[in-house]
Amino acid sequence: EDPTDVVESNIILPMELEKRRNGAVSIHLSSGIELLQPEHLYAATKGVASKILSGKAHVLYLYTIWGGKHVQMNRFMSSLMKAGASGEPYTIETPYHTRDFVHIDRLLVLIESLLYDREWRTLHVGSGIPTAMLDVFRTLEGIARRKFDNVSVNAADRSSFLYYARGGALPDTLYEDMEREWRVIIGT
């Protein structure tokens, strides 16, 4: 990441929006990584904006947002589903890393609920229930009712990384959201 771009997008832009909002409700999208790895440049810049905007805006700590047609296809959930649908080879490199997966539609419903709320909140956007990437893969096989022989697991990797919203603000809807997204991807 270019440090100048990170500072501009994570500090300068939110501060400019704060100055110009003219009474509008402000919602700052931060990142859970700010709390887990505060020494990282991206996390540190998010943290600066979160501190400045706390008490002036809703601050949402985002963890693993996925889904929708505009998502980057190199992200885990989208890549896994795309590989399942297309049959292209795919490797789950870090099968024991866990994430608190939230579908983009759930995030948007939460944001809509805050648009007129001037009681500034700080929310951790997730269910609070982490799921290992390997378990997500097994869940997808269950939803699809078949095995994906084109998907392999990096058996050498035993590392784990826990990334979830402790006391999350949303219900656990991972299975339902995965099922719906899978139906969209395969066109049924």
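**Pocket, cavity and helices**

In this predicted model, the largest pocket has a lining of 41 residues, and the ones nearest its centre are Ser 31, Tyr 42, Leu 62, Tyr 63 and Arg 75. The space inside this pocket comes to about 1100 Å³. Sorted by class, its lining breaks down into 23 nonpolar, 12 polar and 6 charged residues. Six elements each put at least two residues into the lining of the largest pocket: the helices α1 (3-20), α3 (41-53), α4 (76-86) and α5 (104-114), together with the strands β1 (27-31) and β3 (64-66). Of the elements, α1 gives the largest share of that lining, with 6 residues.

That makes α1 a good place to look next. This helix runs for 18 residues and spans 25 Å from its first C-alpha to its last, close to the 26 Å expected at 1.5 Å a residue. Still, α1 isn't perfectly straight: there is a bend of about 30° at Ile 12, with a proline, Pro 14, following within four residues. Pro 14 also turns up among the buried residues of α1, alongside Val 6, Asn 10, Ile 11, Met 15 and Glu 18. As a rule, residues three or four places apart in an α-helix point the same way, because there are 3.6 residues a turn. The cover over the buried residues of α1 includes β1 and α3, and both of these elements also supply at least two residues each to the lining of the largest pocket.

Just past α1, the loop that leads to β1 holds Asn 22. The phi of Asn 22 is positive, near 50°, even though the residue is something other than glycine. Asn 22 counts as exposed because its relative accessibility is 77%, and the cut-off for that class is over 50%. Much the same description fits Arg 145, a non-glycine residue with a positive phi of about 60°. Arg 145 sits in the loop between α6 (133-144) and β9 (151-153), and its relative accessibility of 70% puts Arg 145 in the exposed class as well.

Helix α4, another contributor to the pocket lining, is a rather hidden piece of the fold. Of its 11 residues, 8 are buried, so α4 is largely enclosed by the rest of the structure. The buried set consists of Phe 76, Met 77, Ser 78, Ser 79, Leu 80, Met 81, Ala 83 and Gly 84. These buried residues pack against a mix of strands and helices, namely β3, β4 (90-92), β6, β9, α6 and α7. Right after α4 comes Gly 87, with a positive phi near 85°.

Two of the packing partners of α4, β6 and α7, show up again around the enclosed space in the model. There is 1 cavity of 30 Å³ or more, and the space in the largest cavity is about 50 Å³. Its lining is made up of Phe 101, Val 102, His 103, Arg 106, Gly 126, Ser 127, Leu 170, Pro 171, Asp 172, Thr 173, Leu 174 and Asp 177. Both β6 (101-103) and α7 (174-186) supply at least two residues of this lining, with β6 accounting for the largest share, 3 residues. By class, the lining of the largest cavity comes out as 5 nonpolar, 4 polar and 3 charged residues.

Notes:
Residues numbered from 1 in each chain as written. Predicted model: local features only at pLDDT ≥ 70, side-chain atom pairs only at ≥ 80, totals over all residues. Heavy atoms only, no water. 1 Å grid on protein atoms, 1.4 Å probe; cavity = no way out; pocket = protein on both sides within 12 Å on 5 of 7 lines; lining within 4 Å. Points joined across faces, edges and corners; volume = space filled by probe spheres on them. Nonpolar A, V, L, I, M, F, W, Y, C, P; charged D, E, K, R; others polar. Expected span 1.5 Å × (residues − 1). Bend = angle between axes of the 7 residues up to and from the residue. Buried < 20%, exposed > 50% of the residue type's maximum accessible area, 1.4 Å probe, protein only. Contact = heavy atoms within 4.5 Å.
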